[in-house]
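Dear colleague,

I am writing to hand over the structure shown below. A description of what was found in it follows.

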Amino acid sequence: MTFRILSQNRNALKKLTTFKPVNRYHRQIILPGFGIEAQSKLASSHVLVIGAGGLGSPALQYLAAAGVGSITIADGDTVSLHNLQRQTLFHEGVIGHNKALAASEILQKLNSEINIQTIPAFLTTESIQSAIQAADVVLDCTDNLEIRYEINDACCQHQTPLVYAALYQFEGQLSVFHYGKDPFDLRDVYPDISANSVISCDIGGILGTVPAILGIMQANEAIKIICNIGEACSGKLLLINMLDYQQHSFTLQKRSKTLITSSIKDAPSQSESDAAIKEVSSLSQLQNLIASGAILVDVREEFEQPRISSIPHHSIPNSRFQSESESLSTASALIFICAAGKRSEYIAQNYKQQHPEKEIYTVPQGVSILSTKESD
């Protein structure tokens with residue numbers, strides 16, 4: 001059956017193979033269920049890629065190579081030497097150049113038949129709205145939490161499909177929001193900015209192949225959406241660990257939405273609560289606190305790996321913390337822990353403000369503290 005379909009496609013294209021566009025895209029045009037129709041959809045589409053870094057670099061290369069007719073690149077950052085380890089679209093000759101402009105010049109050499117527009121600046125609330133309004137699909141390739149939520153909210157407002165990816169060291173996440181009959185939202189995964197613990201590569205580090213793989217997957221999702229082929233990663237969150245290739249796909253559930261501005265505004269100031277919150281800096285300290293009666297509370301979402309199994313604890317995901325925190329009312333000392341210390345700090349601050357009589361600890365190192373060995 002496959003050979004017959006391919007043969008039919010090849011026969012249909014015989015009269016067209018002298019045309020440059022068909023020659024360029026011939027290998028995907030002959031795919032079953034793709035053809036000239038899908039290629040035409042790509043040619044007439046407009047994709048906005050926000051961020052031309054680790055995720056955006058590979059995504060842009062494959063979108064341009066596939067024949068997406070119009071691509072807008074938005075990035076206000078400049079190319080640095082340390083970027084080249086993972087942002088393989090660039091080279092030493094463009095160090096110091098704006099990423100959007102450098103990417104545009106390089107991509108035009110890859111495919112001169114497509115239209116590439118640039119926004120060589122970091123997007124603002126106003127510019128996000130106008131940029132997204134003009135796009136058919138948006139790729140969020142940023143690592144800025146505030147901007148992620150603004151991109152999400154603008155895509156929700158304009159009903160524009162959003163291809164989301166996030167990275168952490170050897171791991172990646174992928175999902176598609178605001179697409180299909182029952183669209184989901186970034187806030188269905190992370191209700192507000194405090195729930196999102198994605199940290200930058202500058203702090204946590206990143207293996208260069210991880211953003212390459214996730215960026216290509218983002219491009220793949222965009223192509224599927226534009227061409228209406230396959231099944232988009234909508235309504236689920238895909239987690240991939242590149243060290244052992246374990247993959248987990250979690251079905252999303254609708255949550256009530258909270259504006260990002262309120263989550264920032266309601267966060268207690270440092271002077272109000274930080275001074276009263278103590279930090280756990282070693283595994284032995286953590287074990288001693290638990291032995292003396294303190295309760296360890298894992299505030300990560302249920303889909304996050306690895307799960308804690310080596311030490312007594314309570315699991316109350318941040319997304320349900322407000323409704324389930326009553327179970328902690330009898331504890332005199334609490335230790336909050338998450339993936340990298342951000343969510344636990346935020347929750348500790350809020351909880352201490354509401355319960356000043358309690359002794360509150362956070363673990364800045366996150367769950368990785370459980371795998372550390374004490375020195376002799």
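**The two sheets**

In this predicted model, eight strands make up an open sheet with mixed pairing, and their order is β3-β2-β1-β4-β5-β6-β7-β8. At its edges stand β3 (115-119) and β8 (246-251), each of which pairs on one side only. From one strand to the next, the twist averages 15°. Within this order, β6 (residues 171-177) and β7 (residues 236-241) run antiparallel and are joined by four bridges. Here G172 stands opposite I240 in β7.

Another open sheet consists of five strands in the order β9-β13-β12-β10-β11, and its pairing is parallel. Its edges are β9 (278-279) and β11 (314-315); each has a single partner strand, so one side of each is left without a neighbour in the sheet. The partner of β9 is β13 (residues 359-362), and the two pair in the parallel sense over two bridges. E279 stands opposite T362 in β13. Helix α13 (residues 283-291) packs on this sheet, where it touches β9, β10 (295-298), β12 (333-337) and β13. The direction of α13 makes about 140° with that of β12.

**Salt bridges**

How many salt bridges does the structure hold? There are 13, and several of them are described here.

The pairing of β9 with β13 is accompanied by a salt bridge between K278 and E359, whose closest N and O atoms are 3.0 Å apart. Since K278 lies in strand β9 and E359 in strand β13, the pair ties together parts that are 81 residues apart in sequence. Both residues count as partly exposed: K278 has a relative accessibility of 42%, and E359 has a relative accessible area of 32%. Elsewhere, D298, R300 and R307 are joined into one network by salt bridges that share partners.

A salt bridge within a helix is formed by K224 and E221, at 2.8 Å from N to O. Both residues belong to helix α10 (residues 209-227) and lie three residues apart, about one turn of the helix. Are these two residues buried or exposed? K224 has a relative accessible area of 14% and E221 one of 5%; buried means under 20%, so both are buried.

E231 and K236 form a further salt bridge, with 3.6 Å between the closest N and O atoms. In this pair E231 is exposed, at 59% relative accessible area, whereas K236 is partly exposed, at 24%.

**Nonpolar cores**

In soluble globular proteins, nonpolar side chains tend to be buried together. In this model, the largest nonpolar core has 51 residues, of which L60, L63, I71, I73, F90 and L139 touch the most other members. Helix α10 gives the most to this core, with eight residues. Thus the helix that holds the K224 and E221 pair also contributes to the largest core.

Which residues does F90 touch, leaving aside those up to four places away in sequence? Its contacts are A52, V79, L84, K99, A102, A103 and I106. Separate from the largest core is a second one of 26 residues, which includes A74, I128, A154 and F177.

With kind regards

Terms used:
Residues are numbered from 1 along each chain as its sequence is written. This is a predicted model: local features need pLDDT of at least 70, side-chain atom pairs count only at pLDDT 80 or more; totals for chains, interfaces and linings use all residues. Side-chain values use heavy atoms; hydrogens and water are left out. Two strands pair if DSSP finds at least two bridges between them. Contact means heavy atoms within 4.5 Å. Axes are lines fitted to C-alpha atoms, for helices over the stretch in contact, and angles run from 0 to 180 degrees between N-to-C directions. A salt bridge is a side-chain nitrogen of Lys or Arg within 4 Å of a carboxyl oxygen of Asp or Glu. Buried means under 20% relative accessible area, exposed over 50%, partly exposed in between (1.4 Å probe, protein chains only). A nonpolar core is a set of buried Ala, Val, Leu, Ile, Met, Phe, Trp, Tyr and Cys residues joined through side-chain atoms within 4.5 Å.
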